[in-house]
Amino acid sequence: MSTLASQIDPVRIAAAKKGSWRPLPLISSRKLRWALNLAALTYIVLVYFSVDINWARVAQGFDRGLNFVGSFFTPDFVTRGGEIAVGLRESLTMTFVATVIGIVLAIPVGLGAARNIAPRPVYFFCRTLIALSRTFQEIIIAILFVAMFGFGPLAGVFTLAFATIGFMAKLLAEDIEDAQNEPMEAIRATGASWLQWINYAVQPQVMPRLIGLSLYRLDINFRESAVIGIVGAGGIGATLNTSISRYDYDTSAAVLLIIIAIVLMSEYLSGYVRKWTA
Amino acid sequence: MPTKTVNNQPIWMQRTPRQQSAIWLGWFLGVMLFLLCFKVISDNTIWEFLTDAHVQAASLIGRMVPPDWSITGSLMLPLWDTLNIATVGTILGTIIAFPLAFLAARNTTPHPALRAFALGVIVSSRSINALIWAILLVTMIGPGLLAGMIAIALRSIGFVGKLLYEAIEEIQPTPVEAITSTGAGNLQVIAWSVVPQIMPAFAGNTVYRWDINIRESTTLGLVGAGGIGLQMNAAINNLAWGQVATVFVLIFGTVILSEWVSAKVRHAVI
């Protein structure tokens, strides 16, 4: 059907002549539209009956919720200042070390996962690694690494580095697959070795994006470092978790405000660096 | 062009000596920072634990293989709960994010103060992980699916809101002018010229967030916010690693499936 013919619907034209106009529906097939609506309705009913909510408890929690929101206006940085400082230092160092290790390891994995430069067996191996690292949340990996390496920030570093590998390698591989072929052929035609080829044909094409993504990952890793402390992998998460379970919302608010401030700062910084490297 | 002279012959250099030393200094400071950070971590690590890490890892994997398939049936309901947490959470978050994005976009915001407020909400929501929201909500409204749904919603607001307000700022101005010239009011202009332009990006981002939310909702049970994470937590606390492995396999399957669905839908709408 040509686009013009599909636009001219006699019923719509007749209605328009009487002065009533309605926009075209998003899904053109009427049956599909009704089927989707019905499916959505069924789903809502199913969910309504399978979620069992204790409204009395929710009403009770409402006061606590207001307390918590109120504590954002009276954050308490001082009372638990020592714990916050230790947790923050651990989080920041963990983030930096893990991001560096993760990126260094992600580069070979990313090269291996790019279809246009890696041999088939290497490609499948690297893609499996990436899928595994991306599927499981940092917190699950952290549980396993804490079981293996014991409590402390080292387990956190391994967790964040592992998660970084999956994230960076996937995006790096996609970037390499999208890279222009001409420079690659040109460098290969000079008789360059494989390493020289990667260094002079591939690396310059992917470098700006790699730097931007590395900064983005630094930001993500910091946010995640606030979470993995809950299962004992070091960082500010442990401080935060303790303060919440003690209903010490003023301290929790202080920790959350610090996290928000650092994320904001890193966002500005990464925007600046990206402008400068691009 | 930077050159250096060797035997009265100019030789091409990629950078001037000053640039070269600045780069070396940058690397030097970076490596120093890395070593310093590593020292902090090393001081807080009990390295004795590491000597038997490979034994621990081997025994962990040994206890995980083969997975304990007998509990698969009892995991189906928690899995359904997990899907519900992700889906309802995404819907709730999107409902809040949609108007917020219009307040946050430079070209549709009614007032700069509102814009600052909306941007603040978006950044706060993005900075704080769903798991932390879940811990907070569980202490407030008690353990259960509702806490998980709200946690996912709160985390989604920032993600959907940020991508949506960026899309609104990048719309083409001509349809806006055309609708304005018909004498339409502000809301009509938004409904008939802005919304149609951002709809594909909006649908794509929402489905993408749904896919991420499925991943995140698998772990919310660790802090009591319902879903398959509750079973995982119970299995871990019982050191029943065979059951943990079954949960992992189920999570892996669900995530791969949702990723496939999300990729299909995004491909269809964009």
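Helices (at least four residues) and strands (at least two) are DSSP runs, numbered from the N terminus. The exercises below concern a predicted model.

**Exercise 1. Describe the secondary structure of chain B and of chain A.**

Solution.
Step 1. Read chain B from its N terminus: the elements run β-β-α-α-α-α-α-α-α-α-α-α-α.
Step 2. State the totals for chain B, which are 11 helices and two strands.
Step 3. Turn to chain A, where the order from the N terminus is α-α-α-α-α-α-α-α-α-α-α-α. The totals for chain A are 12 helices and zero strands.

**Exercise 2. Compare the radius of gyration of each chain with that of a compact globule.**

Solution.
Step 1. For chain A, take a compact globule of 278 residues, whose radius of gyration would be near 19 Å; chain A itself has 26 Å.
Step 2. For chain B, the compact globule of 270 residues would have a value near 18 Å, but the chain has 26 Å.
Step 3. Add the outer dimensions along the principal axes. The C-alpha atoms of chain A fill a box of roughly 75 × 75 × 35 Å, and the C-alpha trace of chain B spans about 75 × 65 × 35 Å.
Step 4. For chain B, consider the domain assignment as well: domain 1 covers 3-45 and domain 2 covers 71-269. The centres of these two domains of chain B, taken over C-alpha atoms, are separated by 43 Å.

**Exercise 3. State what share of each chain is buried and what share of its contacts joins residues at least 24 apart.**

Solution.
Step 1. In chain A, buried residues make up 37% of the 278 residues. In chain B, 39% of the 270 residues count as buried.
Step 2. Consider contacts with a sequence separation of 6 or more. In chain A, 71% of them are between residues 24 or more positions apart; in chain B, 70% join residues at least 24 apart.

**Exercise 4. Determine whether M184(A) is buried, exposed or partly exposed, and place it in chain A.**

Solution.
Step 1. Locate the residue: M184(A) lies in helix α9 (residues 181-189) of chain A.
Step 2. Recall the cut-offs: a residue is buried with 20 or more other C-beta atoms within 10 Å, and exposed with 12 or fewer.
Step 3. Apply them. M184(A) counts as partly exposed because it has 19 C-beta neighbours inside 10 Å.
Step 4. List its contacts. Not counting residues up to four places away in sequence, M184(A) touches A201(A) and V202(A).
Step 5. Take a residue from another part of the chain: A56(A) is 128 residues from M184(A) along the chain, and their C-alpha atoms are separated by 66 Å.

**Exercise 5. Identify the residues that touch the most other members of the largest nonpolar core.**

Solution.
Step 1. The core has 130 residues, and A134(B), L137(B) and A151(B) touch the most other members.
Step 2. Helix α7 (residues 145-169) of chain B supplies the largest share of this core, with 17 residues.
Step 3. Examine A134(B). Leaving aside neighbours within four places in sequence, A134(B) is in contact with A147(B), G148(B), A151(B), L220(B), V223(B) and A225(B).

**Exercise 6. Describe the contact between chain A and chain B.**

Solution.
Step 1. The contact takes 47 residues from chain A and 43 residues from chain B.
Step 2. On the side of chain B that touches chain A, helix α6 (residues 130-141) gives the most, with seven residues.
Step 3. Sorted by class, that side of chain B has 29 nonpolar, 12 polar and two charged residues.
Step 4. Report the scores of the model, which are ipTM 0.82 and pTM 0.84.

Notes:
Residues are numbered from 1 along each chain as its sequence is written. Chains are lettered from A and ligands numbered from 1 in the order in which they are written. This is a predicted model: local features need pLDDT of at least 70, side-chain atom pairs count only at pLDDT 80 or more; totals for chains, interfaces and linings use all residues. Two residues are in contact if their C-beta atoms, placed from the backbone, lie within 7 Å. Ala, Val, Leu, Ile, Met, Phe, Trp, Tyr, Cys and Pro count as nonpolar, Asp, Glu, Lys and Arg as charged, and the others, Gly among them, as polar. Domain bounds come from an automatic or database domain assignment. A nonpolar core is a set of buried Ala, Val, Leu, Ile, Met, Phe, Trp, Tyr and Cys residues joined through C-beta atoms within 7 Å. The radius of gyration is taken over C-alpha atoms; the globule rule is 2.2 Å times the number of residues to the power 0.38.
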